[in-house]
Amino acid sequence: MRIVKEQSAPAFVSSRKPTLNWPLLATHLAGWLPALNIAWAAWQGRLSINPIQDVTFGTGLPALIFLVATLAVTPAITLTGWNWLAPIRRWLGLYSFFYATTHFLIFAVVDYGLDLALIGEAIVEKRYVLAGAAALLIMLPLALTSTRGWQKRLGRDWKFLHRAVYAAGLLAVLHFVWLVKADIREPLLYGAAVVGLLLLRVPAVRRRLNEWRRGWQARGRATPSPPKPVAED
Ligand code: HEM
């Protein structure tokens, strides 16, 4: 009897079906939405009589929202065990940095005509500008070292460095609180989100959440299997 060997696929042919990463796709769509919204409003002539302020607000708020969303990813993974959320954290952070940088450039180039003396004066005299500048300065090294290469190169220091994202979040909220003249409810809402997410990172709280998730997963399973390890940030 002739034994027919099963032909294996050549090494360059992947046996895995290409799958679309929906969360990442949704992140990119959400990431471009504020920019498209501003461009569309400008194209339609729907900007106000103060278009610089429109664009400043239209980039500042997305910068803060994406920053808060970045901070929410790790607690969301702890709560759900959905490790596949991890790759979107980097992109959320990069979109936040993109809008924060555009926001600053509009202020420095368009509003202040790149007059360094005037910009320096604004930073010293207006506390909300100082807080915004500090937040952006913290975000810069985080964005530059967000790649896998830098993560490997920095090892444990990478994690330590990237915890500074919470400081950036708190400073961005302070920036918002200080620039609002009357109703500070909106900035305070973002402040509560940043503080709440920071509390969820406290080791004791995190441990409790992990225990709670494992118990919840075990109850939902007919045949118990060992708990899934949750990726650290
Ligand atoms: C050097 C850095 C920055 C400068 C010079 C700056 C400057 C400004 C200015 C001039 C305004 C408008 C104030 C007004 O017209 O009343 C503003 C608003 C705002 N900025 Fe910044 N900013 C900076 C960094 C940031 C960063 C890093 C974030 C967030 C990550 C941020 C988030 C916001 C928000 C949320 C608003 C209010 C938007 C709204 O009311 O809809 N800014 N910023």
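This briefing describes the fold, two helix packings and the ligand surroundings of the structure above. The model is predicted, and its protein chain has ten helices and zero strands. Helix α8 takes part in both of the packings described here, meeting α9 in one and α5 in the other, and α8 is also among the elements that give two or more residues to the shell around the ligand.

**Overall fold**

- Read from the N terminus on, the elements of the protein chain run α-α-α-α-α-α-α-α-α-α.
- The protein chain holds 233 residues, of which 21% count as buried.
- When contacts between residues at least 6 apart in sequence are considered, 66% of them join residues at least 24 apart.

**Packing of α8 against α9**

- Helix α8, covering residues 165-179, and helix α9, covering residues 185-199, have axes that come within 9 Å and cross at roughly 165°.
- Because angles over 145 degrees count as roughly antiparallel, α8 and α9 are roughly antiparallel to each other, and their crossing is left-handed.
- On the α8 side the contact is made by Y166, G169, L170, V173, F176 and V177, while α9 contributes P187, Y190, G191, V194 and L198.
- The residues of this contact between α8 and α9 divide into nine nonpolar, two polar and no charged.

**Packing of α5 against α8**

- The axes of α5 and α8 lie 8 Å apart, and the two helices pack at an angle of about 160°.
- That angle makes α5 roughly antiparallel to α8, and α5 passes α8 in a left-handed crossing.
- From α5, the residues R127, Y128, A131, G132, A134, A135, I138, M139 and L142 meet V165, A167, A168, L171, A172, L174, H175, W178 and L179 of α8.
- By class, the residues of the contact of α5 with α8 come to 15 nonpolar, two polar and one charged.

**Surroundings of the ligand**

- There are 21 residues around the ligand, and those that come nearest are F57, G60, G132, A133 and A172.
- The elements giving two or more residues to this shell are α2 (51-80), α3 (86-111), α5 (127-144) and α8, and α2 gives the most, with eight residues.
- The shell around the ligand divides into 15 nonpolar residues, six polar residues and no charged ones.
- G132 and A172, which are among the residues that come nearest to the ligand, also belong to the contact of α5 with α8.

Methods. Residues numbered from 1 in each chain as written. Predicted model: local features only at pLDDT ≥ 70, side-chain atom pairs only at ≥ 80, totals over all residues. Axes fitted to C-alpha atoms, helices over the stretch in contact; angles between N-to-C directions. Helix = DSSP H or I, 4+ residues; strand = E, 2+ residues; numbered from the N terminus. Parallel < 35°, antiparallel > 145°, perpendicular 65-115°, else oblique. Left-handed = near helix turned anticlockwise from the far one by under 90°. Contact = placed C-beta atoms within 7 Å. Nonpolar A, V, L, I, M, F, W, Y, C, P; charged D, E, K, R; others polar. Near = placed C-beta within 6 Å. Buried ≥ 20, exposed ≤ 12 C-beta atoms within 10 Å, placed from the backbone.
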